[in-house]
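Work through the exercises below with the model open beside you. Try each task before reading its solution.

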Amino acid sequence: MSTGVGTQIRSHPGSSGKVAPVVEIQIDQPDDNGDGEILVRSPACMNGYWGLVDDEVINESGWLRTGDIGHLDDDNYLYVTGRSKDVIIRGGENVAASRVESVLQSHPAVAEAAVVGLPDEEYGQIVGAAIRLRTQDLCGQAELSAYAAQRLAQFAVPTQWWFFDSPLPTNDSGKVLKSQIVSNWPAQNKL
């Protein structure tokens with residue numbers, strides 16, 4: 001079964017599939033876990049966006065920058081782990097928002113979590129977490145920070161928190177509107 005132009009799935013649950021024979025996939029600037037931006041080159045790739053002369057989505061060697069973050073395993077299966085827009089760069093360290101969200105959502109008191117990069121003069125960005133708890137008085141920032149610190153690198157633990165009483169803002173398809181969260185982040189929580 002084909003999952004797109006670049007991969008095919010026959011096994012390996014959780015993967016996007018094995019790289020197809022006529023497709024090249026490259027992982028750009030991989031981190032210590034092998035995750036980096038997924039670049040694709042194939043006969044089926046576009047040459048660029050219509051009307052854009054200096055478009056950087058395709059580089060001079062014909063590699064399409066997908067904006068997806070992931071890695072290839074030893075058997076050439078592709079795993080997509082996030083989006084480059086969801087990578088927070090805190091003082092030169094890359095923080096995968098999806099990884100931090102996964103950790104926070106594993107806490108029994110957390111109903112929803114959205115992790116965003118907030119502007120910061122010293123670090124460029126800092127990690128902010130928008131949280132809706134299952135029960136408002138069950139836990140707070142200190143408990144969630146300690147919980148995250150046991151499971152994440154120190155630089156990935158959120159330093160800014162915003163607790164919501166209602167569901168996080170979403171679009172019509174249910175995707176959390178992170179740009180709206182960032183633009184409306186309470187001033188008292190910003191550094």
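**Exercise 1. Write down the order of helices and strands along the sequence, and judge the confidence of the model.**

Solution. Read along the sequence, the pattern is β-β-β-β-β-β-β-β-α-β-β-α-β-α. That gives three helices and eleven strands. Both are DSSP runs numbered from the N terminus: helices are H or I with at least four residues, strands are E with at least two.

This is a predicted model, in which local features need pLDDT of at least 70, side-chain atom pairs count only at pLDDT 80 or more, and totals for chains, interfaces and linings use all residues. Residues are numbered from 1 along each chain as its sequence is written, and side-chain values use heavy atoms, with hydrogens and water left out.

Now the confidence. pLDDT is the predictor's confidence in each residue, from 0 to 100. The protein averages 83, and 86% of the residues score at least 70. Among the elements, α2 has the highest mean pLDDT, 96, and strand β1 (residues 7-8) the lowest, 56. Where pLDDT is low, the predicted coordinates should not be read in detail.

**Exercise 2. Find what share of the protein is buried, and what share of its contacts is long-range in sequence.**

Solution. Start with burial. Buried means under 20% relative accessible area, exposed over 50%, and partly exposed in between (1.4 Å probe, protein chains only). Of the 191 residues, 39% are buried.

Next, contacts, meaning heavy atoms within 4.5 Å. Take those with a separation of 6 or more: residues 24 or more positions apart account for 51% of them.

**Exercise 3. Which salt bridges does R65 form, and which network do they belong to?**

Solution. A salt bridge is a side-chain nitrogen of Lys or Arg within 4 Å of a carboxyl oxygen of Asp or Glu. The whole structure holds five.

Step one: R65 pairs with D28, their closest N and O atoms being 2.8 Å apart. R65 lies in strand β5 and D28 in strand β3 (residues 24-28), so this bridge ties together parts 37 residues apart in sequence.

Step two: E37 also bridges to R65, again with closest N and O atoms 2.8 Å apart. E37 sits in strand β4 (residues 36-41) and R65 in β5, 28 residues apart.

Step three: join them. D28, E37 and R65 form a network of salt bridges.

Step four: check accessibility. R65 is partly exposed at 28%, and D28 is partly exposed at 21%. E37 is buried at 14%.

**Exercise 4. Trace how β3, β4 and β5 pair, and decide whether β4 is enclosed or open.**

Solution. Two strands pair if DSSP finds at least two bridges between them. β3 and β4 pair in the antiparallel sense over five bridges. Here I25 stands opposite V40 in β4. β4 and β5 are also antiparallel, over four bridges. There L39 stands opposite R65 in β5.

Five of the six residues of β4 are buried, so this strand is largely enclosed by the rest of the structure.

Look further along β5 (residues 64-72), which contains I69. I69 is buried at 14%. Its C-alpha atom is 5.8 Å from that of V80, eleven residues away along the chain.

**Exercise 5. Identify the elements that supply the largest nonpolar core, then place α2 against its partners.**

Solution. A nonpolar core is a set of buried Ala, Val, Leu, Ile, Met, Phe, Trp, Tyr and Cys residues joined through side-chain atoms within 4.5 Å. The largest has 22 residues; V100, L104, V115, I131, L133, L144 and L152 touch the most other members. α1 (97-105), β9, β10 and α2 (141-149) each supply at least two residues. Apart from this core lies another, of twelve residues, including I25, I38, V40 and V57.

Turn to α2. L144, S145, Y147 and A148 are buried in α2. Seen down the helix axis, its buried residues fall within an arc of 160 degrees (taken from the directions from the axis to the C-beta atoms), so they line one face. They pack against α1, β9, β10 and β11 (160-164).
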